[in-house]
Structure formats: structure tokens, C-alpha cells
Amino acid sequence: EVVLTVKDLKKYYEVSTGGPFGGGRHLTIKANEAITMDAREAETVAIVGESGCGKSTLAKILLGLETLTAGTVMLGDKEIGHIDVGDRDSKTLASVQMVFQNPFDTLNPSQSVGGQIVRTLEKFKIGKTVADRTERMLELLDLVKLPREFAKRMPRQLSGGQKQRIGIARAFAGEPKVVVADEPVSALDVSVQAAVTELLMDIQKYSRTTMLFISHDLSVVRYLADRVVVMYLGHIVESGSTEQIFSPP
Ligand code: ADP
Ligand code: ADP
């Protein structure tokens, strides 16, 4: 079953060059050009390509953090590419989630991590009562293999790997259909990268979530992806099963 369909997606950034030498010239940066791809239930699709090829732009559009210039993004039979994250209903919000590269960016430093997961559940309209949401929050800590006592901790009292586990708990809080993982372990200490990757993949497999895994680490991609999409200068230049992509011509 196809969960996500991206068709002829274009994202152009219009920029004006400033400064004494820029001379106020106008520039169009084609960050995504004619991106067409799909992803099925329970599938992990890796998106690879060098820095600047448009991977994060694609991720942001799926999340509604950027709006597309042209094309469509279908979640099932609902078009979401034109809906800004602030305008998404709670169900759509919960259905497409991201694990960010840097968990420090998305955690509020002055709220307990339990409180932040509860807040996420409220945003997704999950649970009828505070008790429901607290129980669900504690189950999410179990899911990411953190002790329940960690609910009371502030982000600064967690290691980088533990913070990213909270990021994973929030991404999976609302039984998402699609999770975009944008370099989810590259900001973490090397010693915890494998464990956090394994955890993410275990949860993805168990929940049969569709995952788009953005990475530049080809050995990891080869190990965990079902399919690979290769981008270059905003375009998809190659795509296929992991076996096809990695086998010599
Ligand atoms: P990647 O994630 O593969 O490194 P990005 O999607 O971040 O690539 O960037 C793709 C292109 O779009 C790059 O040329 C980048 O400089 C440009 N770009 C990204 N965000 C913006 C923005 N907000 N304004 C202007 N250009 C941008
Ligand atoms: P906030 O200021 O965001 O409300 P709190 O630290 O007061 O954050 O608590 C956040 C949530 O986490 C509350 O719903 C609370 O019931 C729950 N919570 C915190 N610690 C625990 C714990 N050890 N066991 C169960 N629930 C907890």
C-alpha cells in the first residue's frame, strides 16, 4: 500500500543578493526540481546525496515547514504539500513527523521532557484526560527504552542520545504514517549512534511506519534501507532497491 506520493515537486527559493558587490540582484535557487517518488507502508526509503542537493528542503515540505512552489504531496488520498504546518489538523500533524538532526533544536530547555511529550500529545489531540496523556507519555518512555523517572528531568539533564530518544518518542507519539529522519544520529556522540539507529529502526519496523531516512552515511543506508533515492542538484538522479543501487553495474 502506497502511503506517500510526491509528484513533480518543485521548490524554488527567491533570494536577493545584498552587500556592496551583490548589487541587489535577484536569484532563483532551484532546491527541488521535478521530484517524483513514493513510499509504501512499513518501508524505509533512504534519501542520499551531497550537501546542498535538496534533501532537507524535501523533508521540510513534507512537514509543512516550507510550502512547495509546484507539484503535489499526497498522504494517502489527501494533498498536504500546500498545507503549512500551522494549518494542519491534528490528525495530519500526528501523521507526518520528523526526527531532527539536532534534538537540542526542538526541545524546550525550561520544561521537563515528560511535560513536552504530554504537550505533543495535546497538540495531536490524543487522550481524553490528563491521566490518559500521562499514561501514554510513560508508555512512550518505555518505547524508547528510557526509565519512567526521566519524565521529570529537564533536557539539560539528558545526554545527547537520551535527548534524541525523546525526539523519537515525540515523533512516534501519534502513530504516524510517515516519519522523516533527517540525519537523526549525525549530531550525536559516535558511541551512541548505532544504538539510537537500531532503536529507531526497531520502532519503525514494529509499527510498520513509512520512514524516509536522510543520510550521507552509505554504509548505514545499505544496511537499513529497502529503497534508495539519490539526489543531485535538486533532482533525483537515480532510484531503486538498495540491492540495485549498491550493486556494481
Ligand atoms: P541538503 O539538505 O541536501 O544539504 P538543502 O535542501 O538544505 O540541501 O538545500 C538545497 C539548496 O537550497 C541549497 O542550494 C541551499 O543553499 C538552498 N536553500 C536551502 N534553504 C534555503 C533558504 N531558506 N533560502 C534560500 N536558499 C535555500
Ligand atoms: P509541565 O510544567 O510541562 O506541566 P511537569 O514537569 O510539571 O511539566 O510535568 C509534566 C507532565 O509529566 C505532567 O503531566 C506530569 O503528570 C508528568 N510527570 C512528570 N513526572 C512524572 C513521573 N515521574 N511519573 C509520571 N508522570 C510524571
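An oxygen atom of ligand 1 sits 3.2 Å from a polar backbone atom of Cys53, and that contact is a handy place to start looking around. Keep in mind that this is a predicted model. Beyond ligand 1, there are two open sheets to find, one with 4 strands and one with 6 strands. There is also a second ligand, with its own ring of residues that includes Gln111 and Ser112.

**Around ligand 1**

- Cys53 has company: a polar side-chain atom of Lys55 lies 3.0 Å from an oxygen atom of ligand 1.
- Ser56 joins in through its backbone, with an N or O atom 2.8 Å from an oxygen atom of ligand 1.
- Taken on its own, ligand 1 has 560 Å² of accessible area, and the protein covers 65% of that.
- Want to trace the shell yourself? Look for Tyr13, Val15, Ile29, Ala31, Glu50, Ser51, Gly52, Cys53, Gly54, Lys55, Ser56 and Thr57.
- S1, S2 and H2 each chip in at least two of the residues in this shell.
- H2 gives the largest share, with 3 residues.
- By type, the shell around ligand 1 splits into 5 nonpolar, 5 polar and 2 charged residues.

**The 4-strand sheet**

- Reading across this open sheet, the order is S2-S1-S4-S5, and the pairing is antiparallel.
- Strand S2 (26-40) and strand S5 (78-79) are at the edges with a single partner strand each, so one side of each has no neighbour in the sheet.
- S4, which covers residues 70-75, is joined to S5 by 2 bridges, and the two run antiparallel.
- To see that pairing up close, find Leu75, which stands opposite Lys78 in S5.
- Helix H2 (residues 55-63) lies across strand S1 (2-16), S2 and S4, and runs at about 115° to S1.

**The 6-strand sheet**

- This open sheet goes S6-S7-S8-S3-S9-S10, and its pairing is mixed.
- Its edge strands are S6 (96-99) and S10 (235-241), each of which pairs on one side only.
- On average, neighbouring strands here are turned by 20° against each other, direction ignored.
- For a parallel example, look at S6 and S7 (residues 178-182), which pair over 4 bridges.
- Within that pair, Val99 has Ala181 in S7 as its bridge partner.
- S3 and S9 also pair in the parallel sense, again over 4 bridges.
- Val45 marks a spot in this pairing, standing opposite Arg227 in S9.
- Arg227 also stands opposite Ser241 in S10.
- S9 and S10 bring in the antiparallel sense, pairing over 6 bridges.
- In S10, Tyr232 finds its bridge partner in His235.
- These two strands, S9 and S10, make a hairpin with 2 residues between them, and Leu233 in the turn has a positive phi of about 50°.

**Helices lying across the 6-strand sheet**

- H2 turns up again here: it lies across strand S3 (44-48), S6, S7, strand S8 (210-214) and strand S9 (227-232).
- Its direction is about 140° to S6.
- So H2 is a helix to follow for both sheets, because it lies across S1, S2 and S4 of the one and S3, S6, S7, S8 and S9 of the other.
- Helix H8 (residues 190-207) lies across S3, S6, S7 and S8, and runs at about 155° to S8.

**Around ligand 2**

- A polar side-chain atom of Gln111 comes to 2.5 Å from an oxygen atom of ligand 2.
- Ser112 has a polar side-chain atom 2.8 Å from an oxygen atom of ligand 2.
- For Thr134, the distance from a polar side-chain atom to an oxygen atom of ligand 2 is 3.4 Å.
- The protein covers 56% of the 560 Å² of accessible area that ligand 2 has on its own.
- The residues around ligand 2 are Gln111, Ser112, Gly114, Gly115, Val118, Arg119, Thr134, Met137, Leu138, Ala151 and Lys152.
- Helix H5 (113-123) and helix H6 (130-143) each provide at least two residues of this shell.
- H5 supplies the largest share, 4 residues.
- Sorted by type, the shell around ligand 2 has 4 nonpolar, 5 polar and 2 charged residues.

Technical notes: Residues are numbered from 1 along each chain as its sequence is written. Chains are lettered from A and ligands numbered from 1 in the order in which they are written. This is a predicted model: local features need pLDDT of at least 70, side-chain atom pairs count only at pLDDT 80 or more; totals for chains, interfaces and linings use all residues. Side-chain values use heavy atoms; hydrogens and water are left out. Two strands pair if DSSP finds at least two bridges between them. Contact means heavy atoms within 4.5 Å. Axes are lines fitted to C-alpha atoms, for helices over the stretch in contact, and angles run from 0 to 180 degrees between N-to-C directions. A residue is near a molecule or strand if one of its heavy atoms lies within 4 Å of it. A polar contact is a pair of N or O atoms within 3.5 Å; within protein, one must be able to donate a hydrogen and the other to accept it, and residues adjacent in sequence count only if both atoms are side-chain atoms. Accessible areas come from the Shrake-Rupley method with a 1.4 Å probe; for residues, only the protein chains shown count as cover. Ala, Val, Leu, Ile, Met, Phe, Trp, Tyr, Cys and Pro count as nonpolar, Asp, Glu, Lys and Arg as charged, and the others, Gly among them, as polar.
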